[in-house]
Amino acid sequence: MSKTQWYIGAPNGVVLCVDQAAGRTLSGRLCHSYSRKEIPFANIEQLLFEMEHFYDSINFPHPTAASRTFQDGSAQPGNCRTGRAKIMSDEELMDRHGDLGTFIIRVQHRQNSSWQGRITWMEEDKTVYFRSMWEMLKLIDSAVGTSGGQLESQEDPSWTKE
């Protein structure tokens, strides 16, 4: 394996380890360089919630739309960044692997109430850009084979470069 696309490259890069796929439900672990503890997830909703919480905690990438609140400013996501220091190197982070698939996710923007960035499928050393959370999830789904081709269409994202 050439590993040409294996890099984190940003403070918000995460490694997604997919361990199980039951029907269309994925479960596994999420890893980032600010903690040695892996974050388990039991379904896609929990994965997205944990990733959003992580991005809010480091305030990167900054969302273009902020959540409204009636609390004082101390509870705002942008105020959570203090005290975050990387404790794990990129090489150590990329040593984590899932049973079904491993992905390096680099969200570059949080715009239009979604995410834009790139994802690397480590087992195949393929990297593609995604324009939304939906595209990112479809790429993961197609890589670990949970859809069985049932929901694929001509407009679905693909790991093949065009």
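**Close-up views of strand β2 and its sheet**

**View 1. The turn between strands β1 and β2 in the predicted model.** Ala21 has Leu26 as its bridge partner in β2, and Ala22 is paired in a similar way with Thr25 of β2. These pairs belong to a hairpin in which two residues separate β1 from β2, and one residue of the turn, Gly23, has a positive phi of about 65 degrees. Along the strands, β1 (residues 14-22) and β2 (residues 25-32) run antiparallel and are joined by eight bridges. Strands of a sheet pair through backbone hydrogen bonds, and the pairing may be either parallel or antiparallel.

**View 2. Strand β2 and its pairing with strand β3.** The connection from β2 to β3 is also a hairpin, here made through six residues. The strands β2 and β3 run antiparallel and are joined by three bridges, and Arg29 is found opposite Pro40 of β3. How much of β2 is buried? Seven of its eight residues are buried, so β2 is largely enclosed by the rest of the structure.

**View 3. The sheet as a whole.** Six strands make up an open sheet, and their order across it is β3-β2-β1-β4-β5-β6, with antiparallel pairing. Because β3 and β6 (126-130) stand at the edges and each has a single partner strand, one side of each is left without a neighbour in the sheet. From one strand to the next, the twist averages 25 degrees.

**View 4. Two helices lying across the sheet.** Helix α1 (residues 44-58) lies across β1, β2, β3 and β4 (101-109), and its direction makes an angle of about 20 degrees with β2. Helix α3 (residues 133-144) lies across β1, β2, β4, β5 (116-121) and β6, running at about 170 degrees to β4. Strand β2 therefore appears in both lists, since α1 lies across it and α3 does as well, and this is the strand that is largely enclosed because seven of its eight residues are buried.

**View 5. Confidence of the prediction.** The pLDDT of the protein averages 85, and 82% of the residues score at least 70. Confidence is highest in strand β3 (residues 39-41), with a mean of 98, and lowest in helix α2 (residues 90-93), with a mean of 92. Where pLDDT is low, the predicted coordinates should not be read in detail.

Conventions. Residues are numbered from 1 along each chain as its sequence is written. This is a predicted model: local features need pLDDT of at least 70, side-chain atom pairs count only at pLDDT 80 or more; totals for chains, interfaces and linings use all residues. Side-chain values use heavy atoms; hydrogens and water are left out. pLDDT is the predictor's confidence in each residue, from 0 to 100. Helices (H or I, at least four residues) and strands (E, at least two) are DSSP runs, numbered from the N terminus. Two strands pair if DSSP finds at least two bridges between them. Axes are lines fitted to C-alpha atoms, for helices over the stretch in contact, and angles run from 0 to 180 degrees between N-to-C directions. Contact means heavy atoms within 4.5 Å. Buried means under 20% relative accessible area, exposed over 50%, partly exposed in between (1.4 Å probe, protein chains only).
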